[in-house]
Amino acid sequence: IVKNPTGPLVDLDEIPIPDYDIWPKKMLYRPMQGKIRLTVGIETQRGCPFTCAFCNSPSQNDFYKKEIGKTYHRRKSIRNIKKELDYLTKKFKPELIYWVADTFLAMPEYEWDEFHEMYLDYKIPFWMNTRIETITKKRIKQLEEMNALRFNIGIEHGNYQFRKEVILRRTTNERLIKQFKVFEGYSVPVVANIIIGYPGEDEKLIRDSIEFVRKIALYFDAIQVFIFAPYHGTPLRTKSINEGYLKGDEIVNAGLISGSILNSPHWTNERLKSIQRTFPLYVKLPKKYYTDILRAENFDEKGQKIFNDLVEI
């Protein structure tokens, strides 16, 4: 076995524009905000400057710093993003741009202003993923001007101590509330992301997430609840193995929605999925519905009927 040394990181400005012609054109259509739209993805960054313990980007940064003295996270120049946009919009006339980046707004202010000015020539509806720390009133206004269709923001957990010590996200609940209030009065649909089923998380901690997210429910349009997946190369996979939640050789397949591969003493997989499906109801409905929501956690016929009725409400 010959093990090559770690190679250099690819310069994003030297990567050719993706050749979407290798697929039938019908494969470019994707659902978003209630419509099927011709969609092209454009990569703007690789990696992420943040250190969430469920993500492999921090490990990539550490690995490349150790091996070649460089950080894995890097950005494509606005000049090359424009070049890609020009080519793809002329060739495919997309109805939606899917910005491929872990944290789309993780760019310095001067670069963001350059991007904003450039994109005003296109104004094609777009989706992005970012973090609440990257949001300001100025940027929200600019996103509206650019015709942003929707974006997702990760909260990931509502208990500050758990979020800080386990997930390694140190933003306080007070700051999260303040940042989400920035969306008040603007029209861009915002989706909040939450993860449940972490190693060491019990049902009380999940209920803490529900109670916290209720405090900011007025400032986002929808919530997506995912089940924790212990991806290789992440600190939380190591924690899962060390604390007996995983043997170590399990591979994450579907994950996120279909169930957990952790062996937890705190919940069964069915219990986790029942909370997952009712989580948005707990967040968005008044507390007078809590008794019904609790009954809707059951997957039996009556529980399903109550669940359907609550979704309609």
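This briefing walks through helix packing, the nonpolar core and a few individual residues. The structure is a predicted model. Helix α3 is a good place to start, with its axis 10 Å from that of α2 and within 11 Å of that of α4. From there we move to the largest nonpolar core, which has 81 residues, and then to some residues in loops and in a strand.

**Helix α3 and helix α2**

- Helix α2 covers residues 78-92, and it packs against α3 at an angle of about 25°, with the two axes 10 Å apart.
- That angle makes α2 roughly parallel to α3, because angles under 35 degrees count as roughly parallel.
- The crossing of these two helices, α2 and α3, is right-handed.
- On the α2 side the contact is made by I78, I81, K82 and L85, while α3 brings E111, E114, F115, M118 and Y119.
- Sorted by class, the residues of the α2 and α3 contact are six nonpolar, no polar and three charged.

**Helix α3 and helix α4**

- Helix α3 (residues 109-119) also meets helix α4 (residues 137-145): their axes come within 11 Å and cross at roughly 20°.
- The pair α3 and α4 is therefore roughly parallel too.
- Here the crossing of α3 and α4 is left-handed.
- From α3 the contact uses E109, W112, D113 and H116, and from α4 it uses K138, R139, Q142, L143 and E145.
- By class, this contact of α3 with α4 holds two nonpolar, two polar and five charged residues.

**The largest nonpolar core**

- Which of the 81 residues in the largest nonpolar core touch the most other members? They are W99, F115, Y119, F151, F180, F220 and F279.
- Two of these names, F115 and Y119, also appear on the α3 side of the contact with α2.
- Helix α9 (residues 269-284) gives the most to this core, contributing six residues.
- If you set aside neighbours within four places in sequence, F180 is in contact with I132, I153, I155, V190, I216, Y219 and F220.

**Buried loop residues T103 and F228**

- T103 sits in the loop between β5 (96-100) and α3.
- Is T103 buried or exposed? With a relative accessible area of 3%, T103 is buried.
- Beyond its neighbours within four places in sequence, T103 is in contact with Q45, C48, F50, N129, T130, R131 and T134.
- F228 belongs to the loop between β9 (222-227) and α8 (235-242).
- The relative accessible area of F228 is 2%, so F228 is buried.
- Leaving aside neighbours within four places in sequence, the contacts of F228 are F54, I195, I196, G197, Y198, P199, L236, S240, S260 and L262.

**Positive phi at N147 and E156**

- N147 is not a glycine, although it has a positive phi of about 75°.
- You will find N147 in the loop between α4 and β7 (148-156).
- At a relative accessible area of 35%, N147 is partly exposed.
- E156 is also a residue other than glycine with a positive phi, in this case near 75°.
- E156 has its place in strand β7, and its 8% relative accessibility means that E156 counts as buried, since the cut-off for buried is under 20%.
- Finally, E156 links back to F228: the two lie 72 residues apart along the chain, and their C-alpha atoms are separated by 9.8 Å.

Key. Residues are numbered from 1 along each chain as its sequence is written. This is a predicted model: local features need pLDDT of at least 70, side-chain atom pairs count only at pLDDT 80 or more; totals for chains, interfaces and linings use all residues. Side-chain values use heavy atoms; hydrogens and water are left out. Axes are lines fitted to C-alpha atoms, for helices over the stretch in contact, and angles run from 0 to 180 degrees between N-to-C directions. Helices (H or I, at least four residues) and strands (E, at least two) are DSSP runs, numbered from the N terminus. Angles under 35 degrees count as roughly parallel, over 145 as roughly antiparallel, 65 to 115 as roughly perpendicular and the rest as oblique. A crossing is left-handed if the near helix is turned anticlockwise from the far one by less than a right angle, and right-handed if clockwise. Contact means heavy atoms within 4.5 Å. Ala, Val, Leu, Ile, Met, Phe, Trp, Tyr, Cys and Pro count as nonpolar, Asp, Glu, Lys and Arg as charged, and the others, Gly among them, as polar. A nonpolar core is a set of buried Ala, Val, Leu, Ile, Met, Phe, Trp, Tyr and Cys residues joined through side-chain atoms within 4.5 Å. Buried means under 20% relative accessible area, exposed over 50%, partly exposed in between (1.4 Å probe, protein chains only).
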